[in-house]
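Let us walk through this structure together, strand by strand and then charge by charge. Have the 3D view open so that you can follow along.

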Amino acid sequence: MRILFCGVAALALSGCSWLGLGGNRSNPYTDPNVQCCVGDRALSKWNFEIGGGVEFPLGETAISGSQAAAGFPNRTLNDVSFNDAYDIGYRAEYGGSYAVNPNRKVTVQGTYTRANSNDIAIGTQNSNELRGQLSNYTAYGLEAGLRQYIRPVPFPLIKSVRPYIEAKIGGAYVDDISLNNVREVGALVPAAPIDIAFYEGGWVPTAAGLIGVETPLFKRFTVGIETGIRFVGNQKSDNTNTANGFEQFGGANNGGDRYSIPVTIRGRYRF
């Protein structure tokens, strides 16, 4: 992820020079003779942006059963990935951007992410299946980014689209996660399901590398679609109640960073 983010950031920071887009000597914000790429001659610096879409989780570990403590011969725990533990998530963004020049914008956005969890097989106990469910994934964040636009290109049905790349970095508060409804399936004398604290809520780093396209719909409103890869740092393990026979679950909450592929539709209004 570090290599990806640094690469996208380097592309954005290299700016108009390598794209051949920075040669205008006129001031596009004041010169009425400079044609703007978004359907007007006066180029606005300030923009309001809002977006929404889905996130496809990748295969990083949510439950690290292979790291569980030894000494429990009647129980084994599985490694479970994020894409098995959770459904496709959804994400909302809201914020603004500022045009440093006609081809580059600084963005600041608040974010909300949520993914519902699945009932999963987490291992075996007494030769019976052991099942459970992580609590839903919820995160609130703030990110800043640098977006670099490329020349508009013709596109069928609409006049043109304008590609761009963007690098983002920030942080998110992820709600605490517990392992719920842990139960042994098929036992002759079923025990009551239990809930186990798993990950602590708290702030984690975030980053993203994105590519997308925009097209103007109205004089001051532009719509775009983007995708890429998103990184969210790992949460701290919560071992507050992994005792009285459940110590083994304390080793199963050493999951790693979370990666996902977002697909977002974004609107931008120019003031």
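A good place to begin is a pair of facing residues: Val 106 has Leu 146 as its bridge partner in β9. That bridge belongs to a longer pairing, since β6 and β9 run antiparallel to each other over twelve bridges. On another side of the story, β6 also pairs with β5, again in the antiparallel sense, over eleven bridges. You can locate this second pairing at Tyr 94, whose bridge partner in β6 is Gly 110. The connection between β5 and β6 is a hairpin with two residues between the strands.

Now zoom out for a moment. The model you are looking at is predicted, and its protein chain has two helices and 16 strands. Of the 271 residues in the chain, 47% count as buried. Among the contacts with a separation of 6 or more, 74% are between residues 24 or more positions apart. The surface that the chain exposes comes to about 13200 Å², and carbon and sulfur atoms supply 60% of that area.

With the strands in view, let us turn to charged side chains. As a general point, side chains of opposite charge can pair when their charged atoms come close. How many salt bridges does a search of the whole structure find? The count is 17.

One of them joins Arg 91 and Glu 143, with 3.3 Å from N to O. The two residues come from distant parts of the chain, 52 residues apart: Arg 91 sits in strand β5 (residues 89–101) and Glu 143 in strand β9 (residues 137–149). Are these partners buried or exposed? Arg 91 counts as buried because its relative accessibility is 7%, under the 20% cut-off. Glu 143 is also buried, at 4%.

A second example is the salt bridge between Asp 119 and Arg 131, where the closest N and O atoms are 2.8 Å apart. Here Asp 119 lies in the loop between β6 (104–115) and β7 (120–125), while Arg 131 is in strand β8 (residues 128–134), twelve residues away. Arg 131 also meets the side chain of Glu 129 in a salt bridge, at 3.2 Å from N to O. The acidic partners are partly exposed: Asp 119 has a relative accessibility of 31%, and Glu 129 has 34%.

Strand β9 deserves another look, since Gln 148 lies there too. Gln 148 is buried, at 1% relative accessibility. Its side chain reaches the backbone oxygen of Asn 103 at 3.2 Å.

Finally, move to Arg 266, in strand β16 (residues 258–270). With a relative accessible area of 2%, Arg 266 is buried. Which residues share a network of salt bridges with Arg 266? They are Glu 49, Arg 147, Glu 166, Glu 214, Glu 226 and Arg 268. The side chain of Arg 266 also makes a polar contact of 2.8 Å with that of Tyr 164. Beyond its neighbours within four places in sequence, Arg 266 is in contact with residues including Ile 50, Gly 51, Gln 109, Thr 222, Val 223 and Gly 224. Glu 49, Arg 147, Glu 214 and Glu 226 are also among these contacts, so it is worth displaying them together in your viewer.

Technical notes:
Residues numbered from 1 in each chain as written. Predicted model: local features only at pLDDT ≥ 70, side-chain atom pairs only at ≥ 80, totals over all residues. Heavy atoms only, no water. Helix = DSSP H or I, 4+ residues; strand = E, 2+ residues; numbered from the N terminus. Buried < 20%, exposed > 50% of the residue type's maximum accessible area, 1.4 Å probe, protein only. Polar contact = N/O pair within 3.5 Å; in protein donor to acceptor, adjacent residues only side chain to side chain. Contact = heavy atoms within 4.5 Å. Salt bridge = Lys/Arg side-chain N within 4 Å of Asp/Glu carboxyl O. Areas by Shrake-Rupley, 256 points an atom, 1.4 Å probe, with all protein chains shown as cover. Pairing = 2+ DSSP bridges.
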